[in-house]
Amino acid sequence: QLQVVESGGGLVRPGGSLRLSCAVSGFISDTYDYFWYRQAPGKERELVASITPNSINRRYADSVKGRFIISRDNAKSTAYLQMNSLKPEDTAMYYCKAGRSYDNSEYWGQGTQVTVSP
């Protein structure tokens, strides 16, 4: 069974940190890029960060550059999003996607909620 499962969300105060995890199963994920998206209430889904299978290329939205770090462990079929210096505007549902362009396949998780509040 193909699964993408996010975890690690929660409530944190401004300036705090969280690490999100994205665990995949049911397919070989080390040929896939990983993407983290977020969606706040009333807003469009936003691409936050991405990482290639070999971890060489990592991209970030301008809003999170210098604060968030995307990484992956192919042996564990897991991607991570380390979020530091969190701000209230980072509050959103965070989603993980495993995708690859050559066959247009992609798999989404159900999301994990991140709330940044005093």
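A residue is called buried when its relative accessible area is under 20%, exposed when that area is over 50%, and partly exposed in between. These words recur below, in a walk through a model that is predicted.

S77 is a first case for the definition. Its relative accessible area is 19%, so S77 counts as buried, the cut-off being under 20%. S77 lies in the loop between β7 and β8, the latter strand covering residues 78–83. The backbone of S77 has a positive phi of about 50°, although S77 is not a glycine. N104 also has a positive phi, of about 55°, and is not a glycine either. N104 is found in the loop between β9 (92–100) and β10 (105–108). Is N104 buried or exposed? Its relative accessibility is 67%, so N104 counts as exposed, the cut-off being over 50%.

The strands β7 and β8 on either side of the S77 loop lead to a sheet. Four strands form this open sheet, in the order β1-β3-β8-β7, and the pairing is antiparallel. Which strands stand at the edges? They are β1, residues 3–7, and β7, residues 68–73. Each of these two has a single partner strand, so one side of each is left without a neighbour in the sheet. On average, neighbouring strands of the sheet are turned by 15° against each other, with direction ignored.

The pairing of β1 can be followed in detail. Strand β1 pairs with β3, residues 18–25, in the antiparallel sense over five bridges. Where E6 is concerned, the bridge partner in β3 is C22.

C22 also takes part in a disulfide, which it forms with C96. The structure holds one disulfide, and the sulfur atoms of C22 and C96 are 2.0 Å apart. What does this bond connect? C22 lies in strand β3 and C96 in strand β9, so the pair ties together parts of the chain that are 74 residues apart in sequence. The torsion about the S-S bond is about -75°, and the disulfide is therefore left-handed. Both C22 and C96 are buried.

The next topic is the aromatic rings. A pair of such rings is described by the distance of the centres and the angle of the planes. A search of the whole structure finds five aromatic pairs. One of them joins Y32 and Y107, with 5.9 Å from centre to centre and 50° between the planes, and this pair is tilted. Y32 lies in the loop between β3 and β4 (33–39), whereas Y107 lies in strand β10, so the pair ties together parts that are 75 residues apart in sequence. The two residues can also be placed by their accessibility. Y32 has a relative accessibility of 3%, so Y32 counts as buried. For Y107 the value is 24%, so Y107 counts as partly exposed.

Another pair is formed by Y37 and W108. Their ring centres are 4.9 Å apart and their planes stand at 45°, so this pair is tilted. Here too distant parts of the chain are linked: Y37 is in strand β4 and W108 in strand β10, 71 residues apart. Y37 is buried, because its relative accessible area is 15% and the cut-off is under 20%. W108, at 30% relative accessibility, counts as partly exposed. Ring pairs also build a cluster, which links F27, Y32 and Y107.

Rings may also have a charge over them. Which residue places its charged end over the ring of Y95? The residue is R45, and its charged end is 4.0 Å from the centre of that ring. R45 also lies over the face of W108, at 4.8 Å from the ring centre. W108 thus appears both in the ring pair with Y37 and under R45.

The last stop is L86, in the loop between β8 and β9. L86 has a relative accessible area of 2%, so L86 is buried. Which residues are in contact with L86, leaving aside its neighbours within four places in sequence? They are V12, P14, G15, G16, S17, L18, R67, F68 and V116. For R67, a distance between C-alpha atoms can be added: those of L86 and R67 are separated by 7.7 Å, while the two residues are 19 residues apart along the chain.

Definitions and conventions:
Residues are numbered from 1 along each chain as its sequence is written. This is a predicted model: local features need pLDDT of at least 70, side-chain atom pairs count only at pLDDT 80 or more; totals for chains, interfaces and linings use all residues. Side-chain values use heavy atoms; hydrogens and water are left out. Two strands pair if DSSP finds at least two bridges between them. Axes are lines fitted to C-alpha atoms, for helices over the stretch in contact, and angles run from 0 to 180 degrees between N-to-C directions. Buried means under 20% relative accessible area, exposed over 50%, partly exposed in between (1.4 Å probe, protein chains only). Rings of Phe, Tyr and Trp (its six-membered ring) pair if their centres lie within 6.5 Å; planes under 30 degrees apart count as stacked, over 60 as edge-to-face and the rest as tilted. A charge sits over a ring if NZ of Lys or CZ of Arg is within 6 Å of the ring centre and within 35 degrees of the ring normal. A disulfide is a pair of cysteine sulfur atoms within 2.5 Å. Contact means heavy atoms within 4.5 Å.
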